[in-house]
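Student: I've got a new structure open and I'd like to learn how to read it feature by feature. Could you walk me through it?

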Amino acid sequence: MTSPAVPSLSGIQERIRSASTVLELDAIEQDLFGRKQGLLTVAMKELSQATPEERIAKGKSLNALKQECTTLLADRRRELSLSALGSLAQTDPLDVTLDLPKHDRGHLHLIPEFIRSVEEVFGRMGFGVAEGPEIEDEARQFDLLNFPREHAARDAQDIFYVDIDAPPDNRFLLRGHTSPVQIRYMQTHKPPLRIICPGKVYRKDADATHSPMFHQFEGLMIDRDTSLANMKAVMITAIRELISPNAEFRFRTGFFPFVEPGLEVDMRWQGDEGASREGKWMEIAGCGMVHPSVLKNCGIDPKKWQGFAFGFGVERMLMIKHQIPDLRSFFEGDLRFLRQF
Ligand code: PHE
């Protein structure tokens, strides 16, 4: 008895070698090895009806054919997939003019962005940038700045004291202003000095114009004959550049233990070019001539050196610039607010 399957398998090798797509190969593979109708599957099954001698002879050749077809299929499959990749490179080279999917571009938050421009504007007037830690000690936050021991500003109602081991008369705290950076800088540098010190400060305050964490930038200029007039000129020039040439200022006397005389500064801006919006006066800074005791505390001779210091509230200035009614908006992370700037 002869198996019908073997003759119809003739030429199968050629069919595999000349297949031009992977789909075609899949079809051939199905023709050969399909579970029910596969030519080789059927031929193998039919072996069971053959005589023992035939079974040995046919079995051998069928097995060899099966082996050969399997190898040929795998080889051709590899060839086809390689050439598919190759022709993809020909027909689809990278198109650099293609529009990319649109991504939202991020940007700096209003506050660090403003601080960068502060550094840039004061930088052009010869001021460097100094920084200090947010955890300070009482000495630099108060004593060396000439605060008497019983001064109300030390009250734990206003200041966050930090629970770190320290002598009882020099506890750690979250700095309540950037003025301790003046001390740090004067302790480590000799005059003439010209710096600004931006950073975060902390006070137990929370309402529409106060936040328990906010930003200030301090300014310090010490030289032989630096005057209050120089201070006003520096402050007004810089702020007009940062906010608007039409920003208006009001200097009032004010008291800070580390300056003498001391001043408080209000600002308002009613908009540019006749846009008359309701610019309300808002306190934005304290300033004054550095107190001789503070210079002495830092090893600087007040008979030879004098100068001014100022401290601005960043959020307050931005509220005026952008007409932001509530300071808490800066920190709520609401994208509808943040994306406007
Ligand atoms: N440190 C003061 C404050 O936070 C501001 C200030 C700075 C006043 C420098 C005078 C000189 O209120």
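**Reading the model, feature by feature**

Tutor: Let's start with a contact list: His291 touches Asn146, Pro257, Phe258, Val259 and Glu260, leaving out residues up to four places away in sequence. Keep in mind as we go that this is a predicted model.

Student: Where does His291 sit along the chain?

Tutor: His291 is in the loop between strand E9 (282–290) and helix H10 (292–297). Its side chain also has a polar atom 3.0 Å from the backbone nitrogen of Ser293.

Student: Asn146 was on that contact list. What is the phi of Asn146?

Tutor: Here's the general idea: most residues other than glycine have a negative phi, and most peptide bonds are trans. Asn146 has a positive phi, near 75°. You'll find Asn146 in the loop between helix H7 (138–141) and strand E3 (161–162), and its relative accessible area of 26% makes it partly exposed. Gln323 is another non-glycine residue with a positive phi, near 55°. Gln323 is in the loop between helix H11 (314–322) and helix H12 (335–338), and it counts as partly exposed at 36% relative accessibility.

Student: You mentioned trans peptide bonds. Which residues does a cis peptide bond join?

Tutor: One cis bond joins Pro191 and Pro192, with omega at about 5°. Pro192 is in the loop between helix H8 (180–188) and strand E5 (193–202). Another cis bond runs from Glu260 to Pro261, with omega near -5°. Pro261 lies in strand E8, residues 259–268. And Glu260 is one of the residues that His291 touches.

Student: What does Trp305 touch?

Tutor: Both prolines of the first cis bond we discussed, for a start: Trp305 touches Pro191, Pro192, Ile222, Asp223, Arg224, Leu295 and Ile300, not counting residues up to four places away in sequence. Trp305 is in the loop between H10 and strand E10 (306–313).

Student: Is Trp305 buried or exposed?

Tutor: The idea is to compare its relative accessible area with a cut-off. Trp305 comes out at 13%, and buried means under 20%, so Trp305 counts as buried. You can also check distance through space against distance along the chain: Trp305 and Met289 are 16 residues apart in sequence, and their C-alpha atoms are separated by 11 Å.

Student: Let's try a charged residue. Is Glu264 buried or exposed?

Tutor: Glu264 is buried, with a relative accessible area of 17%. It lies in strand E8. Leaving aside neighbours within four places in sequence, its contacts include Arg250, Arg252, Phe251, Phe256 and Glu283.

Student: How many aromatic pairs are there?

Tutor: Pairs are called by the distance between ring centres, within 6.5 Å. The count comes to 12 aromatic pairs. Phe256 and Phe258 make a tilted one, 5.9 Å centre to centre with 45° between the planes. Phe258, which is also a contact of His291, is buried at 8% relative accessibility.

Student: What about Phe330 and Phe331?

Tutor: Their ring centres are 6.1 Å apart and the planes are at 50°, so that pair is tilted. Phe330 is buried, with a relative accessible area of 2%, whereas Phe331 is partly exposed at 34%.

Student: Which residues form an aromatic cluster?

Tutor: Phe122, Phe127, Phe217, Phe308, Phe310 and Phe312 form one cluster. Arg194 lies over the face of Phe127, at 6.0 Å from the ring centre. For a lysine version, look at Lys232, which lies over the face of Phe251 at 4.8 Å from the ring centre. Phe251 also turned up among the contacts of Glu264.

Student: Last stop, the ligand. How many residues surround the ligand?

Tutor: There are 14, and the closest are His177, Ser179, Arg203, Gln216 and Gly311. Then look for polar atoms within reach of each other. A polar side-chain atom of His177 is 2.9 Å from a ligand nitrogen, and an N or O atom in the side chain of Ser179 is 2.9 Å from a nitrogen atom of the ligand. In the side chain of Arg203, an N or O atom is 2.8 Å from an oxygen atom of the ligand.

Student: How much of the ligand's accessible area does the protein cover?

Tutor: On its own the ligand has 330 Å² of accessible area, and the protein covers 91% of it.

How values were computed:
Residues are numbered from 1 along each chain as its sequence is written. This is a predicted model: local features need pLDDT of at least 70, side-chain atom pairs count only at pLDDT 80 or more; totals for chains, interfaces and linings use all residues. Side-chain values use heavy atoms; hydrogens and water are left out. Helices (H or I, at least four residues) and strands (E, at least two) are DSSP runs, numbered from the N terminus. A polar contact is a pair of N or O atoms within 3.5 Å; within protein, one must be able to donate a hydrogen and the other to accept it, and residues adjacent in sequence count only if both atoms are side-chain atoms. Contact means heavy atoms within 4.5 Å. Rings of Phe, Tyr and Trp (its six-membered ring) pair if their centres lie within 6.5 Å; planes under 30 degrees apart count as stacked, over 60 as edge-to-face and the rest as tilted. Buried means under 20% relative accessible area, exposed over 50%, partly exposed in between (1.4 Å probe, protein chains only). A charge sits over a ring if NZ of Lys or CZ of Arg is within 6 Å of the ring centre and within 35 degrees of the ring normal. A residue is near a molecule or strand if one of its heavy atoms lies within 4 Å of it. Accessible areas come from the Shrake-Rupley method with a 1.4 Å probe; for residues, only the protein chains shown count as cover.
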